[in-house]
Amino acid sequence: MKGIRESLFSRAGATAVMLLCTLYFLVPIWWLLVGASKSRSQFSSTEPLWFADFHLGDNLSELFAYRDGVFLRWMGNSILYTGGAALLGTILAAMCGYALAKYRFPGREALFNLVLGGVLVPATALALPLFLIFSQLNATNTFWSVFLPSLVNPFGVYLARIYATASVPDELLEAARLDGSGEVRTFFTISAKLMFPALVTIFLFHFVAVWNNFLLPLIMLGNERLFPVTLGLYSWNTQVNQIPELRMLVIVGALISILPLIVAFLFLQRFWRSGLGAGSVK
Amino acid sequence: MRSKSPVRALLFFILPFGLLFAAFYLLPIGYAIKQSLYKVQRTGTFGPATEVFGGFEQYQRVFENGPFWSSVGRVLLFGVVQVPVMLGLALLLALLLDSGLVKGRGFFRLAFFVPYAVPGVVAAIMWGFLYSPNLSPFTSLTSSVDFLSADFVLWSMANVVTWVYVGYNMLIIYSALLAIPQEVYEAAKIDGAGPWRTAWSIKVPLVMPAIILTTVFSIIGTLQLLAEPQVFRTFSSAVSSTYTPNLTVYSTSSIPNFNLAAAFSVVLALATCALSFTFLKATQRGGDK
């Protein structure tokens with residue numbers, strides 16, 4: 001009897017904590033959604049956490065039309081910078097981590113330790129010297145000045161090595177060699193498939209890291225039309241005091257800017273779960 | 001394509017990443033160190049500026065720079081409070097998810113993880129509005145506490161960082177919990193351990209490596225604080241241009257004084273590496289016992 005009461009108590013307590021945390025995590029986003037759906041005049045005059053007249057369509061068309069549609073351009077830039085860098089960066093990291101896991105060669109451990117040291121080097125410490133190097137090449141304020149440095153993901157190499165060791169058996173590679181398959185072809189047709197759930201994890205981590213990167217574009221880019229959406233929203237937000245009508249656009253823009261990642265999470269969640277739990281399958 | 005020697009395949013696998021790593025990691029580090037050893041000299045007041053070797057002069061200026069060291073102290077204070085709170089909450093939520101005490105695990109996991117989809121800059125802008133007394137939905141709270149005042153703004157930022165990263169850290173710890181084999185729990189049950197005791201004496205020690213990993217990433221992230229304070233400068237006058245070490249680097253480089261900014265960067269990178277390395281070593285020694 002005592003046990004049952006105790007477990008009921010535990011259940012209620014645990015559920016209460018979870019619900020409270022759900023409120024904490026979701027209310028700000030709910031506020032953003034509700035706020036983005038209101039007209040300017042109702043934004044500050046109506047209940048902040050509930051809808052008034054639905055004005056989202058007008059807000060969106062104003063956002064997309066503002067200054068020749070610069071916001072859509074920013075969204076496109078972000079998707080190019082982030083999607084491109086994460087996709088290419090994941091393939092490069094996977095190949096390097098795979099080679100470190102599956103081949104013995106002189107200097108292997110030294111190379112691995114160098115890459116691991118790279119994980120501890122904060123990306124922001126690189127932004128300034130990268131700017132100086134690119135400015136010597138007259139290449140600052142270009143797409144490439146942000147895109148190329150974003151390709152490098154040492155943590156991805158580290159993860160790829162661990163996952164390749166765990167999920168690609170040596171016997172399989174031996175068998176492929178006996179069948180006459182080249183090393184590179186074996187990687188793309190067999191090994192990469194076995195590593196796929198892990199690669200999704202690496203891709204997502206890389207995607208979020210580049211999507212969040214702020215200092216590099218802030219230092220590198222002067223031309224507003226090259227901005228990623230984070231830098232664009234930041235630049236609007238700094239002007240809110242001079243141009244108050246920008247505030248509404250910042251709120252609607254903030255809502256739109258988080259949608260692609262939420263969609264990516266929902267879409268990749270299935271793979272990601274199996275990737276993270278890779279060690280749990282015996 | 002059949003490559004006879006594995007050497008060619010090996011180069012094909014390693015070179016693309018290796019070259020980019022050299023160009024965009026090693027070269028900038030080397031370049032920053034070189035820049036930090038130079039200084040700009042002018043002949044006369046209006047003469048042309050030339051870069052000459054200055055030895056450790058910039059580093060001397062870094063060590064004598066009061067605002068920089070108080071910004072380091074500020075982020076350390078931030079980290080000492082925020083990292084344990086964030087990871088404690090992440091651990092608690094992961095344990096609750098794993099305990100089987102709550103229904104709707106899929107929903108909760110997703111709900112907690114959604115803030116991670118919000119970029120730091122956007123999260124800071126959003127919370128900046130939520131803290132502003134005239135916009136906030138929590139007027140009773142914002143009218144009694146000024147979240148953007150000099151005393152409070154550091155902890156307001158800590159809340160933003162916590163909000164974004166709890167779910168991410170929870171997911172890493174949770175996936176480590178899922179990897180624990182069931183037999184371990186059965187043994188504990190036979191020994192008569194209740195759910196709390198199982199959590200504390202079995203689960204937490206087994207997921208320690210995941211907790212250590214998330215701690216190291218959090219330490220690195222804390223020392224790099226930039227987006228949140230930079231955004232909060234538009235909401236609060238209490239955030240100066242040297243509020244965090246990275247803001248100091250940014251504002252020094254926009255003076256522009258690249259040599260001094262490079263020295264700040266080098267010191268900050270070394271401090272970050274040293275701190276995360278020390279933490280890793282300390283926890284490894286503790287784990288040996």
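How exposed or buried is A:Arg67? A:Arg67 turns out to be partly exposed, with a relative accessible area of 34%. Please keep in mind while reading that this is a predicted model. Here are my notes, point by point.

1. **More about A:Arg67.** You can find A:Arg67 in helix H3 of chain A, which covers residues 56–102. Its phi is near 45 degrees, a positive value in a residue that is not glycine. Why point that out? Most residues other than glycine have a negative phi. So when you click through the helix, A:Arg67 is a good place to pause and look at the backbone, with its phi near 45 degrees.

2. **A second positive phi, this time in a loop.** A:Asn138 also has a positive phi, near 55 degrees, and is likewise a residue other than glycine. A:Asn138 sits in the loop that links helix H5 (123–136) to helix H6 (143–150) of chain A. Its relative accessibility is 71%, and because exposed means over 50%, A:Asn138 counts as exposed.

3. **The make-up of chain A.** What kinds of element does chain A contain, helices or strands? Chain A has 13 helices and zero strands, so reading from the N terminus you meet one α element after another: α-α-α-α-α-α-α-α-α-α-α-α-α. The radius of gyration of chain A is 24 Å, whereas the globule rule gives 19 Å for 282 residues; the value is well over the rule, so chain A is more spread out than a compact globule. Along the principal axes, its C-alpha atoms fill a box of roughly 75 × 75 × 30 Å.

4. **Inside and outside of chain A.** Of the 282 residues in chain A, 54% count as buried. The accessible surface comes to about 12,700 Å², and 66% of that belongs to carbon and sulfur atoms. Take the contacts in chain A with a separation of 6 or more: 72% of them are between residues 24 or more positions apart. As for charge, chain A has 19 positive and 14 negative charges, and the mean positions of the two groups are 7 Å apart.

5. **The make-up of chain B.** Chain B has 13 helices and two strands. Its radius of gyration is 24 Å, well over the 19 Å that the globule rule gives for 289 residues, so chain B is more spread out than a compact globule. The C-alpha trace of chain B spans about 85 × 75 × 45 Å along its principal axes.

6. **Inside and outside of chain B.** Buried residues make up 52% of the 289 residues in chain B. Chain B exposes about 13,400 Å², with 67% of it supplied by carbon and sulfur atoms. Among its contacts between residues at least 6 apart in sequence, 66% join residues at least 24 apart. There are 18 positive and 11 negative side chains in chain B, and the centres of the two sets lie 10 Å apart.

7. **Two buried residues in chain B.** B:Val75 belongs to helix H3 (residues 66–99) of chain B and is buried, with a relative accessible area of 2%. Which residues does B:Val75 touch, not counting residues up to four places away in sequence? They are B:Thr222, B:Leu223, B:Leu225, B:Thr244 and B:Pro245. B:Gln58 is found in helix H2 (residues 57–64) and is buried too, at a relative accessible area of 3%. Leaving aside neighbours within four places in sequence, the contacts of B:Gln58 include B:Ser36, B:Tyr38 and B:Asn259.

8. **A cis peptide bond.** Where should you look for a cis peptide bond? One joins B:Ile255 and B:Pro256, with omega at about 5 degrees. B:Pro256 lies in the loop between helix H12 (245–253) and helix H13 (258–288) of chain B. This deserves a look because most peptide bonds are trans.

9. **Cysteines.** A search of the whole structure finds zero disulfides over all chains. B:Cys273 is in no disulfide, and the nearest cysteine sulfur, that of A:Cys96, is 19 Å away. B:Cys273 is partly exposed, with a relative accessible area of 22%. A:Cys21, at 9% relative accessibility, counts as buried.

How values were computed: Residues numbered from 1 in each chain as written. Chains lettered and ligands numbered in written order. Predicted model: local features only at pLDDT ≥ 70, side-chain atom pairs only at ≥ 80, totals over all residues. Heavy atoms only, no water. Helix = DSSP H or I, 4+ residues; strand = E, 2+ residues; numbered from the N terminus. Rg over C-alpha atoms; globule rule 2.2 N^0.38 Å. Buried < 20%, exposed > 50% of the residue type's maximum accessible area, 1.4 Å probe, protein only. Contact = heavy atoms within 4.5 Å. Areas by Shrake-Rupley, 256 points an atom, 1.4 Å probe, with all protein chains shown as cover. Lys, Arg positive; Asp, Glu negative; His and termini not counted. Charge placed at Lys NZ, Arg CZ, Asp CG, Glu CD. Disulfide = S-S within 2.5 Å.
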